[in-house]
Amino acid sequence: MTSVFDGMAGILNAVFGAPVTVMGNFPQVVQAIFREMPYEQESADGRTFVVVTPTVQIRKSDIASLSPGDLVVPAATPGRSFKVLKPIPSGSPASDAFVTYVLEEVL
């Protein structure tokens with residue numbers, strides 16, 4: 001079934017995205033949206049707090065998946081690379097929906 005949202009991720013990716021090198025099973029360059037954005041985390045005592053966390057949004061049609069430990073190198077951040085921590089599925093039914101990956105900078 002088609003959705004009114006089919007194709008929207010592609011439009012957003014074309015406008016806001018930039019080249020990102022993904023080093024999983026083999027290196028590949030994809031168009032993606034890299035951001036350092038607020039992200040809620042839970043402390044050991046159950047309280048929620050907000051930290052600024054790097055993330056990358058990649059259309060699920062552009063890459064099969066990223067695994068924890070894979071590297072992401074955004075062209076917009078020369079000299080910086082990031083390790084994938086976990087995916088956050090969007091729940092969107094669109095065939096080109098984004099999958100957001102939480103990252104950690106590799107120092």
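The largest nonpolar core in this predicted model has 15 residues, and the members that touch the most other members are Val22, Val56, Ile58, Leu66, Val72, Tyr101 and Leu103. At least two residues of this core come from each of strand E1 (18–23), strand E2 (27–42), E3, E5 and E6.

Take Val22 from that list. Leaving out residues up to four places away in sequence, Val22 touches Pro27, Gln28, Val30, Ile58, Ile63, Leu66 and Leu71. Two of those contacts, Ile58 and Leu66, are also named among the core residues that touch the most other members.

Now the fold around that core. The protein chain has one helix and six strands, and along the sequence the pattern reads α-β-β-β-β-β-β. The six strands close into a barrel, with antiparallel pairing, in the order E1-E2-E3-E6-E5-E4. From one strand to the next, the twist averages 50 degrees.

I will go through some of the pairings. E1 and E2 are antiparallel and pair over six bridges. In that part of the barrel, Thr21 stands opposite Val29 in E2. Strand E3 (residues 48–59) is joined to strand E6 (residues 98–106) by five bridges, and these two strands also run antiparallel. There, Arg59 has Phe98 in E6 as its bridge partner. E5 and E6 pair over eight bridges, again in the antiparallel sense. Pro87 stands opposite Tyr101 in E6, and Tyr101 is one of the core residues I listed at the start.

Some totals for the protein chain. There are 107 residues, of which 31% are buried. The accessible surface comes to about 6,600 Å², and carbon and sulfur atoms account for 60% of that. If we take contacts between residues at least 6 apart in sequence, 47% of them join residues at least 24 apart.

Next, charges. Side chains of opposite charge can pair when their charged atoms come close. How many salt bridges does the structure hold? The count is five, and I will describe three of them.

One is between the side chains of Arg80 and Glu36, at 3.2 Å from N to O. Arg80 sits in the loop between strand E4 (71–74) and E5, while Glu36 is in strand E2, so this pair ties together parts of the chain that are 44 residues apart in sequence. Are these two residues buried or exposed? Neither label fits: Arg80 counts as partly exposed at 24% relative accessibility, and Glu36 is partly exposed with a relative accessible area of 43%.

Another is between Asp62 and Arg59, with the closest N and O atoms 3.1 Å apart. This is the Arg59 that has Phe98 as its bridge partner in E6. Asp62 is partly exposed, and its relative accessible area is 25%.

Then there is Lys83 with Glu104, where the closest N and O atoms are 3.4 Å apart. Lys83 is in strand E5 and Glu104 in strand E6, and the pair links distant parts of the chain, 21 residues apart. Both ends are partly exposed: the relative accessible area is 32% for Lys83 and 37% for Glu104. Separately, salt bridges that share partners join Glu36, Arg80 and Glu105 into one network.

Glu104 and Glu105 bring us to Ser81, which is in strand E5 (residues 81–89). Which residues does Ser81 touch, not counting those up to four places away in sequence? They are Val72, Val73, Glu104, Glu105 and Val106. So Ser81 has contacts with a residue of the Lys83 salt bridge, Glu104, and with a residue of the network, Glu105. Ser81 itself counts as buried, because its relative accessibility is 19% and the cut-off for buried is under 20%.

Last, Gly69, in the loop between E3 and E4. At 42% relative accessibility, Gly69 counts as partly exposed. Apart from neighbours within four places in sequence, Gly69 is in contact with Lys83 and Val84. That is the Lys83 of the salt bridge with Glu104. Between Gly69 and Met23 the C-alpha to C-alpha distance is 9.5 Å, and in sequence the two are 46 residues apart.

To go back over the main points: six strands close into an antiparallel barrel, the largest nonpolar core has 15 residues, and the structure holds five salt bridges.

Note on methods. Residues numbered from 1 in each chain as written. Predicted model: local features only at pLDDT ≥ 70, side-chain atom pairs only at ≥ 80, totals over all residues. Heavy atoms only, no water. Helix = DSSP H or I, 4+ residues; strand = E, 2+ residues; numbered from the N terminus. Buried < 20%, exposed > 50% of the residue type's maximum accessible area, 1.4 Å probe, protein only. Contact = heavy atoms within 4.5 Å. Pairing = 2+ DSSP bridges. Core = buried A, V, L, I, M, F, W, Y, C linked by side-chain atoms within 4.5 Å. Areas by Shrake-Rupley, 256 points an atom, 1.4 Å probe, with all protein chains shown as cover. Axes fitted to C-alpha atoms, helices over the stretch in contact; angles between N-to-C directions. Salt bridge = Lys/Arg side-chain N within 4 Å of Asp/Glu carboxyl O.
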